[in-house]
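Let's walk through this structure together, one region at a time. Please keep the sequence and the 3D view side by side as you read.

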Amino acid sequence: MTHPVPRRAVDARSGDRGSADALGLALIAPAAIGLALVIVFLGRGVDSRATVQSAAEAAAQAAAQERSPAAAVVAAEQVGTAMLVDRTSCAAPDVFVDTSRFAPGGQVAFTVSCTVSVSGLEPIDPPATEPTTATAYAAIDPLRATESEP
């Protein structure tokens, strides 16, 4: 013959489990949120490097297609800044166009530098990051006419 379990004992056991779940959730939730913010910060860094490199390459190619150094600078700056619109991965971009070797058979260089934004990541207090910098070079066609050489 089995002995019936008093109702009070069953209720006490089920009530303890609920408080343990709530305590576990209260301890794990902040750590999970912090881990998610760290992952977002690291993702911004990777995205920043890819964006800067891509913008530098596209801008250098655009500059190499122009016929004068002045037009090359304008084209490169337009293309470069148009590609750097995401302010979370590239805040305050700085661009530089080097046309010192702008001639048929020469090259043009485009340098981009920007910093990863920490906006929205204040709860994890991310460290200050170094600016991400990329320089790309594009060759100018040796048979291309320029303004100084028809």
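On the surface of this predicted model, L23, L27 and I28 come together as a nonpolar patch, and their combined accessible area is about 340 Å². If you would like to place the patch, start from I28, a residue of helix α1, which covers residues 7-64. Is I28 buried or exposed? With a relative accessibility of 55%, I28 counts as exposed, because the cut-off for that class is over 50%.

Stay on helix α1 and move along to L37, which is also found there. L37 has a relative accessibility of 18% and therefore counts as buried, since buried means under 20%. So helix α1 offers both cases: I28 is exposed, while L37 is buried. L37 also has a partner from far along the chain: 83 residues separate L37 from G120 in sequence, yet their C-alpha atoms are 8.8 Å apart.

Now step back to see the whole chain. It holds two helices and three strands, and reading from the N terminus the order of elements is α-α-β-β-β. The chain has 150 residues, of which 29% count as buried. Its exposed surface comes to about 9,500 Å², with 61% of that supplied by carbon and sulfur atoms. As for contacts between residues at least 6 apart in sequence, 70% of them link residues at least 24 apart.

The strands are a good place to look next. How are the three strands arranged? They make an open sheet with the order β1-β2-β3, and the pairing is antiparallel. The edges are taken by β1 (91-98) and β3 (132-139); each has a single partner strand, so one side of each has no neighbour in the sheet. On average, and ignoring direction, neighbouring strands here are turned by 15° against each other.

Let's take the two pairings in turn. Between β1 and β2 (residues 107-115) there are six bridges, and the two strands run antiparallel. Two pairs help you find the register: V95 sits opposite V112 of β2, and V97 has F110 of β2 as its bridge partner. Helix α2 (residues 69-83) packs on the sheet and touches β1 and β2, with its direction making about 155° with that of β1.

On the other side of the register, β2 and β3 are joined by eight bridges and also run antiparallel. Here T111 has T135 of β3 as its bridge partner, and Q107 stands opposite A139 of β3.

Strand β3 also shows a clear pattern in its side chains. In a regular strand, side chains alternate between the two faces of the sheet. Along β3, T132, A134, A136 and A138 point to one face and are buried, whereas T133, T135, Y137 and A139 point to the other face and are not buried.

Two alanines in the strands deserve a visit. A109 belongs to strand β2 and, at 7% relative accessibility, counts as buried. What does A109 touch, leaving out residues up to four places away in sequence? Its contacts are F96, V97, D98, T135, A136 and Y137. A109 and T99 are 10 residues apart in sequence, with 6.8 Å between their C-alpha atoms.

The other alanine is A92, in strand β1. Its relative accessible area is 63%, so A92 is exposed. The backbone is worth a look here too: phi of A92 is near 50°, a positive value in a residue other than glycine. Most residues other than glycine have a negative phi.

We can finish in the segment after β3, where R144 lies. Is R144 buried or exposed? Its relative accessible area is 18%, and so R144 is buried. Setting aside neighbours within four places in sequence, R144 is in contact with A64, Q65, E66, R67 and P104. One of these, A64, is 80 residues away from R144 along the chain, and the C-alpha atoms of the two are separated by 9.9 Å.

Note on methods
Residues are numbered from 1 along each chain as its sequence is written. Side-chain values use heavy atoms; hydrogens and water are left out. Patches are made of residues with over 30% relative accessible area and no salt bridge: like charges are joined within 9 Å, nonpolar side chains (Val, Leu, Ile, Met, Phe, Trp, Tyr) within 5 Å. Accessible areas come from the Shrake-Rupley method with a 1.4 Å probe; for residues, only the protein chains shown count as cover. A salt bridge is a side-chain nitrogen of Lys or Arg within 4 Å of a carboxyl oxygen of Asp or Glu. Helices (H or I, at least four residues) and strands (E, at least two) are DSSP runs, numbered from the N terminus. Buried means under 20% relative accessible area, exposed over 50%, partly exposed in between (1.4 Å probe, protein chains only). Two strands pair if DSSP finds at least two bridges between them. Axes are lines fitted to C-alpha atoms, for helices over the stretch in contact, and angles run from 0 to 180 degrees between N-to-C directions. Contact means heavy atoms within 4.5 Å.
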